[in-house]
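Reader: I've got a structure open and I'd like to talk it through. Can you take me around it?

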Amino acid sequence: MVSSFLEHDPHARAGKGTPSARGREGIRFPRLTLSRAGFPCKPPCLCFGRVEVLILGCGHLGARVARALRARGVHVRASVRSEAHALRLRALGVEAAAEADPVRLPRAWLRTTTHLLDLIPPRGTRDAAVWADALVALCPRLRWVGVVSTTGVYGDHGGARVNETTQPRPSHPRALARLAAERRWRWAYPAVEVFRLAGLYDEERNLLPRLARGDYEVPRFVPPNPSHRVHTHDAVRALLVAMEKPQPGRVLNLADDDSTPHERYARALAQAAGLPAPRVILAHEAARKWPARRWWFFQDRKRVDNRALKALVGGLVYPSFRAALPELVARFRGR
Ligand SMILES: NC(=O)c1ccc[n+]([C@@H]2O[C@H](COP(=O)([O-])OP(=O)(O)OC[C@H]3O[C@@H](n4cnc5c(N)ncnc54)[C@H](OP(=O)(O)O)[C@@H]3O)[C@@H](O)[C@H]2O)c1
């Protein structure tokens, strides 16, 4: 019997998939309401045929996606650059290769890949996903391609709201490289789905260790500059549901409801964990003093619309970092 891969969530099957239930990996799974009868299955839904997922650039987010897919019985392969990282992925039951050129991954992998998720950070506009066309040619069974990009591609909008239809106007080379990678993929595989990610955080990866060092600097903008984040758990849910309910050509912002400026965010984290407050540096000083790559991360003024994300996943488990604070602090204290 074939069934939706969301139904392979052991917690959902056990009837424990409420927002407050905890998975074995410490991840909270949302209630899964999709029943086989009620699910609008049609090819290329994951219900049909064998699913072989390949995750390129399988770092922090990729490993979380891989773990969630493995928990649902899906076969996952992944690429990273370092052998040490590949070893860690193998321990999760993922077939992993340390190979920086996706085209040189084992042909047998590429021949059978049905779902491909590209998380490789592009190094520049020139080399952004240059391999995308060759890769598509080597993967004859592809049914879904997703590429993770960044909300940075929108550029500066003077604090106005941006949604998925807003024309991107990147304001720095890193965002330009992202947009080039999105376009390269669209050229190679027109149905590609693009996920524009805000700042990722979770109990494993957040500012607390840096705040604990006592020298973390935050830029102060006047007026305050909105800043966006998304909990890794909600980002993973979105990627899985998108694979499950493909929509060719979709663009989706992965950001939560909270646009608290970075300065206040860092201060709230420090306060919750009893750590020293971050050092405030005026924005124009940060622009002068900081390495360009760090400054770029903060410079654009925009609010990110996430209504499409919420419609897709049926609401966020972590609409704001405040909902995650107790978990972040508990993990930090227990480390
Ligand atoms: N984290 C955020 O806040 C954020 C926000 C917006 C967008 N993004 C983007 O979202 C994606 C996922 O983020 P993340 O936080 O999971 O990133 P991450 O932890 O830094 O992981 C990136 C992974 O990509 C691998 N990699 C780099 N170049 C590669 C190549 N040519 N071939 C194969 N693997 C390669 C690295 O392998 P090694 O570990 O072996 O070096 C690393 O494991 C990235 O593209 C990131 O830039 C992240």
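**A walk around the model**

Author: Sure. Arginine 67 is found in helix α2, and we can start there, keeping in mind that this is a predicted model.

Reader: Is arginine 67 buried, exposed or partly exposed?

Author: Count the C-beta neighbours inside 10 Å, and arginine 67 has 19. A residue needs 20 or more to be buried and 12 or fewer to be exposed. With its 19, arginine 67 therefore counts as partly exposed.

Reader: And which residues in α2 are buried?

Author: α2 has 12 residues and reaches 17 Å from its first C-alpha to its last, close to the 16 Å expected at 1.5 Å a residue. Within α2, the buried ones are Leu61, Gly62, Ala63, Arg64, Val65, Ala66, Ala68 and Leu69.

Reader: What phi does glycine 73 take, just after α2?

Author: Most residues other than glycine have a negative phi. Glycine 73, just after α2, takes a positive one, of about 80 degrees.

Reader: On to the ligand: which element gives the most to the shell around it?

Author: Several elements each supply at least two residues of that shell: α2 (60-71), β2 (75-80), β5 (144-150) and β8 (199-201). The one that gives the most, with 3 residues, is α2.

Reader: Which of the 20 residues around the ligand come nearest?

Author: By class, the shell has 10 nonpolar, 9 polar and 1 charged residues. Out of the 20, the ones that come nearest are Gly57, Gly59, His60, Leu61 and Ser82. Leu61 is also among the buried residues of α2.

Reader: What about the largest nonpolar core: which members touch the most others?

Author: In the protein, 42% of the 335 residues count as buried. The largest nonpolar core has 80 residues, and those touching the most other members are Ile55, Ala66, Leu239 and Leu254.

Reader: Which residues does leucine 239 touch?

Author: Leave out anything up to four places away in sequence. Long-range contacts count for a lot here: among contacts in the protein with a separation of 6 or more, 74% join residues 24 or more positions apart. For leucine 239, the partners are Val65, Leu117, Gly146 and Phe195.

Reader: Which peptide bond is cis, leading into proline 223?

Author: Proline 223 is found in the loop between β9 (217-220) and β10. Most peptide bonds are trans. The cis one here has omega near -5 degrees and runs from valine 222 to proline 223.

Reader: How far is arginine 301 from proline 224, C-alpha to C-alpha?

Author: Arginine 301 is found in the loop between α11 (292-299) and β13 (303-304). Beyond its sequence neighbours, arginine 301 touches Asp156, His157, Gly158, Gly159, Asn225 and Pro226. Although arginine 301 and proline 224 are 77 residues apart along the chain, their C-alpha atoms are separated by 9.1 Å.

Reader: Last stop, helix α13: where does α13 bend?

Author: α13 (residues 321-333) has 13 residues and reaches 17 Å from its first C-alpha to its last, close to the 18 Å expected at 1.5 Å a residue. The bend in α13 is about 30 degrees, and it sits at glutamate 327.

Reader: And what covers the buried residues of α13?

Author: The residues to look at are Phe321, Ala324 and Leu328, which are buried. What covers them includes β8, α7 (208-212), β10 (229-231) and α9 (262-273).

Methods:
Residues are numbered from 1 along each chain as its sequence is written. This is a predicted model: local features need pLDDT of at least 70, side-chain atom pairs count only at pLDDT 80 or more; totals for chains, interfaces and linings use all residues. A residue is near a molecule or strand if its C-beta atom, placed from the backbone, lies within 6 Å of it. Helices (H or I, at least four residues) and strands (E, at least two) are DSSP runs, numbered from the N terminus. Ala, Val, Leu, Ile, Met, Phe, Trp, Tyr, Cys and Pro count as nonpolar, Asp, Glu, Lys and Arg as charged, and the others, Gly among them, as polar. The expected span of a helix is 1.5 Å times one less than its number of residues. The bend at a residue is the angle between axes fitted to the seven residues ending there and the seven starting there. Two residues are in contact if their C-beta atoms, placed from the backbone, lie within 7 Å. A nonpolar core is a set of buried Ala, Val, Leu, Ile, Met, Phe, Trp, Tyr and Cys residues joined through C-beta atoms within 7 Å.
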